[in-house]
Each structure stands twice: as structure tokens, then as C-alpha cells.
Amino acid sequence: MALTEEVDTTRQYEIPEGVLLEFRLAGPLVRASAWAIDAAIRAVLYIVIGLSFSYFGGVGVAIILIALFLIEWFYPVLFEVKSGATPGKKAMGIWVIHDNGTPVTVSASVIRNLLRAVDFMPVMYGFGLLSMLFNREFKRLGDLAAGTLVVYRDNYEKRSELPSRTAERPGVELTESEQQAVLAFAERAPGLSSERRVELAEILNEISGHKGERAVDGIYGYANWLMKGR
Amino acid sequence: MRQEQFEQVYRPLWDELGALLDEMELPRSKRNPDKTRAAAFPTLYRQVCSHYALARSRRFSPALLELLHHLVLRGHRRLYRQRGAWLWRTLDFIGGGFPRALRCHRGYFLLALTSFLLPALLLGLACYVDPDMIYSLMDEQQVAEMESMYDPAGRHPGRSEARSSETDFMMFGFYIFNNIGIGFRTFAGGMLLGVGSLFMLLFNGLVLGGVAGHLTRLGYHDTFWPFVSGHGAFELTAIVICGAAGLMLGHALLAPGQRKRIPALKAAAAEALKLVLGAALMLLAAAFVEAFWSSSTLDAAIKYGVAVLLWALVVFYLVFVGRSRHGSL
């Protein structure tokens, strides 16, 4: 746990209920990809609006210019307030939240998107990228001022079940982190290839004395003992 | 209690919270009011929070921790979200929130006003006295264009009677796109330690002052001043307000005071946003006046009269609206 906190791009926040929430931060590359998708969508919008209203004379030009203004400044605000993510961010599986993990509000979204004008300077998000690289949370300038984070959407898949075996007490006393490792292996192993499973399980050869699939079953046995007792 | 037993005892609660959250996360129109047992939600959520804390401290398996973490995450988002009474808050903002915020930060406003007005007056005077002064600011072509635009001979269609209502609409769109954009950029420039906002204020002050001085010297005052005096009440004030908002950001970054720099910036940005949004509304009004009123070819006396009214309106709004009977702001 201690190591991953230092290495991983996660951020923890203690909620009022006294427990820690963990967010996985989105880095510059995934955010740039999301931006590129949004830029493409906006380009299409510009073309469609530009072509369809160009036949309506002065009023048409007025509508085009107002639409241009709204899309340039408020396209991200609209989507972020509605669902937390622009179509590009949604496609990349990320969204915008407050520092405290709550859904982003109108004012925070407006601040971060108005300040996009500075993040974009001097060319192609130069300042934004610098800012992201100089703080732990990948915040561009707009995020710093608005107090927002861009994180991965926590898509929870169905829980993997522990393979059931006869509980077996490990031959040595396991530390807490070792217990966690055993449990993590047992829960994730069904998703691994059998070769990889065996390869990992044989690391404990000295304790279990088993080889091959027997070693895997041995660890399942330890996990069952940890979870269910005798 | 071993993990297996723990799960057996509490799983019904987790499933219940999961189902409740599924329901609450639907759009309002699709929710089934019978299933949305909102009153039960906070208690249920806090129970699951303590289960998560227990599971963590007892080192239960990662998959179980993940399940509980996900429930807590969703519950947290739901319980602590801020709901906006949109329309009401907007009306309250226009009807007092904005002028109050501005008066609260009038120091920044005065600084921004000085940064804008001083160069405008100085260069305006210089251009009024010296015919060549304007070329220190613009090149020959720009000056020629600007001169022909306000030429009283009126050969140019831009400000003459030939201007149709179509053009008015077009210019309305343009003023929104251009002027509100400038306002937003003036604010955003504050993020560069305030320098960006200061630059925008000085630059716009120099250009507007220079143009005004130059055209007055040429004797074009009857076309220039009646045109700009009306919408200037909203437009110039709003640009200065945007600059003030930017200066707030710059101040927080340069001298955060008792706070750390980033929290100071966050607090300043939340306040500055009020000024920017108010200024954006003013720029919207300015675009309307500029496109449909300023361009009209009515008698100069009428336009000056309306301009005085509009300035009085802006000053009254910013100075007096939103004061409570007891408060000082």
C-alpha cells in the first residue's frame, strides 16, 4: 500500500464519514486524446452550423457567430455539468470532479473552462501541460483555480469470486501485506492464463512445496482459510 | 468475524444501497418514486461507509474492498452533490449578488479602472494635440480604415443610413463573439500573475483613448461620440470589471496572505467568477445597444441624452442595487 501510494497516480481524499476514497488521476495523454475527440466534434458542429445558416443573410451570420461563441466557451461546461464529462472524455472513460470527489458544479466548470484560454497559451496547451507536469494531480491551470480533478470513471465490474477449496493454514505466519497478496492472487487468478497462474503460484514453492497446478490450488486453500477460517 | 461471515451478514444492506443508488442515478423523469426511498439513503450510506472502514482495517480481500469502495464512492457523489436552483440563483445574482460582489472588491475595480483610464486619457490627449501620435499605435492602413468609418461625409456604408437591419443583426452576433470573448480573455490573463489582465487593460485603454483623441482632433466628434457614448456605459465598465477579476487571481498568486497559494487561488477564483459573469451579462447588453441603438442615425442630442441615462443606470446599479437595509455594502 505504502509503495503504491508513492508510485501510482492515485489521490486519496478523506470523506466526512472518516474513510478514504481513492481516485485514479487521468494523465496528459488520455486528456489530450479526449480533447482531440472533442475538437473533432466541435469542428463538425462549426461546419454544419456554418453551412446551414449561411443562406440567411445578416441574421444567419449573427446566429453563426453566437453559436461560435457559445461552442468555443461553453461546450465543455454544458456536458460537464450535465454528466461530468464531454463526449471526448466519456469516450476515454474519464470525468471531471471536485477535489472532494463530488460532481462538478456550474461555477467550477465555468472557471476551469474560462481559464482554458491561458492553458492554451503560448501554443497548443503549453502552459496547461507545464502545469500538469509540475503538480501531483495532473491539474492544468484551470483545474488549480477551480479546484477540480480529472479522474478515471470508476467502472465496477462484477465481483470476481474466490475459487472454493478446502481451507488450509499456511505453514508460516503471514504478515498483513502477505495476506493481502494471497487474497488478491486468489481472486484474480481465474482471469489469468494457466501458465501465468502457475508461474506466480510457484513463487511460494519454498513454503507450500508444491509445483504446477497443485501450487495454485495450495494458494487457493490459504485464501479460503484466511477468508473463512477452519 | 471472518470475511465470509461478515459478507453473509451485511450483503443485503449492500445490495439495498446498490439498488437505491441505481434508482437515484437515473434522470429525474425516469425515477420511480416508490423505489426512491430517499429518507433511508443517508443512514444506509453511512452504515456501508463503516463497513468499508472495517473491511479495510481487517485486511479483507481486495475484491470485497473494491465493491465497498465503489458503493461509498457513488453514495458520496450522491449525498454531497450541490443542487442548483438555477433560475432563482440567476435572478438573485442580477438583482443584487453581482453589484454586491463588485462593491466587496472595489479595490481591484479601482486599480483596473486606473490601469485603463490613465493610459486612455494620456494617449487621448497626446493624439488630440499631435496628429502623428496615432501612428505610434497603429499602422497607416488601420488609421485610414478607422478614419473612413467615422467620416462625417458618410460615404462608407458602415455607419450611414444605408446600413440595414440585417447588418445590425450581424453586428450583434459579432459583438457577442468578439467583445465577450475579449472580456473572458482579460479575466483569464490574470492567471499569468495578473500580467495578462493588466496588459489587456492598458492596451485597450491606449487604443480607445488614441482613437478617440485622433478622431476628435479631425473634427469627427459628431459621428464618433454619439456612436460610442451609449454602449460604452456597459462595454467599458464590463471590460474594467473583467480586468478587476483577473487582478484578483493575480493577487492571490503573488501574495496569498495567510493561505497556501493554491487554496488562495481557489477562493479568489470563486469570487472573481461572480464579477466575470456579471460583466458578461453587461457585455451582452452592450452588444444589444451597440448593434441596434448606437448605429441608428438619430439626432446627436437624443443619443447623448440616452447615453447619459445609460451611464446613470450603470452607476446606480453598481453602486446602490442589492444593498440591504442594515448592511453597509
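This is a short chat about how two chains of a predicted model are divided, packed and joined.

Q: Before we start, what kind of model is it, and how are residues numbered?
A: The model is predicted, so local features need pLDDT of at least 70 and side-chain atom pairs count only at pLDDT 80 or more, while totals for chains, interfaces and linings use all residues. Residues are numbered from 1 along each chain as its sequence is written, and chains are lettered from A and ligands numbered from 1 in the order in which they are written.

Q: Thanks! How many residues does each chain put into the contact?
A: Chain A brings 48 residues and chain B brings 50 residues; residues are in contact if their C-beta atoms, placed from the backbone, lie within 7 Å.

Q: Which element of chain A gives the most to that side?
A: That's H3(A), with twelve residues. Among the others that each supply at least two are strand E2 (20–24), helix H9 (176–188) and helix H12 (213–228) of chain A. Helices (H or I, at least four residues) and strands (E, at least two) are DSSP runs, numbered from the N terminus.

Q: And what is the make-up of chain A's side by class?
A: It has 29 nonpolar, twelve polar and seven charged residues. Ala, Val, Leu, Ile, Met, Phe, Trp, Tyr, Cys and Pro count as nonpolar, Asp, Glu, Lys and Arg as charged, and the others, Gly among them, as polar.

Q: Staying with H3(A), how does H2(A) pack on it?
A: The axes of H2(A) (residues 28–53) and H3(A) come within 9 Å and cross at roughly 170°. Axes are lines fitted to C-alpha atoms, for helices over the stretch in contact, and angles run from 0 to 180 degrees between N-to-C directions. That crossing makes the two helices roughly antiparallel, the word for angles over 145 degrees.

Q: Who makes that contact?
A: A:Leu45, A:Ile49 and A:Phe53 are among the H2(A) residues, and A:Ile64, A:Leu68 and A:Ile71 among those of H3(A). By class, the contact has ten nonpolar, two polar and one charged residues.

Q: Over to chain B: at what angle do H1(B) and H3(B) pack?
A: At about 35°, with their axes 11 Å apart. B:Trp14 and B:Leu17 of H1(B) take part, as do B:Leu71 and B:Arg74 of H3(B).

Q: Last one, what about domains?
A: Chain A is divided into domain 1 (8–152) and domain 2 (176–228), with C-alpha centres 43 Å apart. Chain B has domain 1 (3–79) and domain 2 (86–320), and their C-alpha centres lie 53 Å apart. The bounds come from an automatic or database domain assignment.

Conventions:
Contact = placed C-beta atoms within 7 Å. Parallel < 35°, antiparallel > 145°, perpendicular 65-115°, else oblique.
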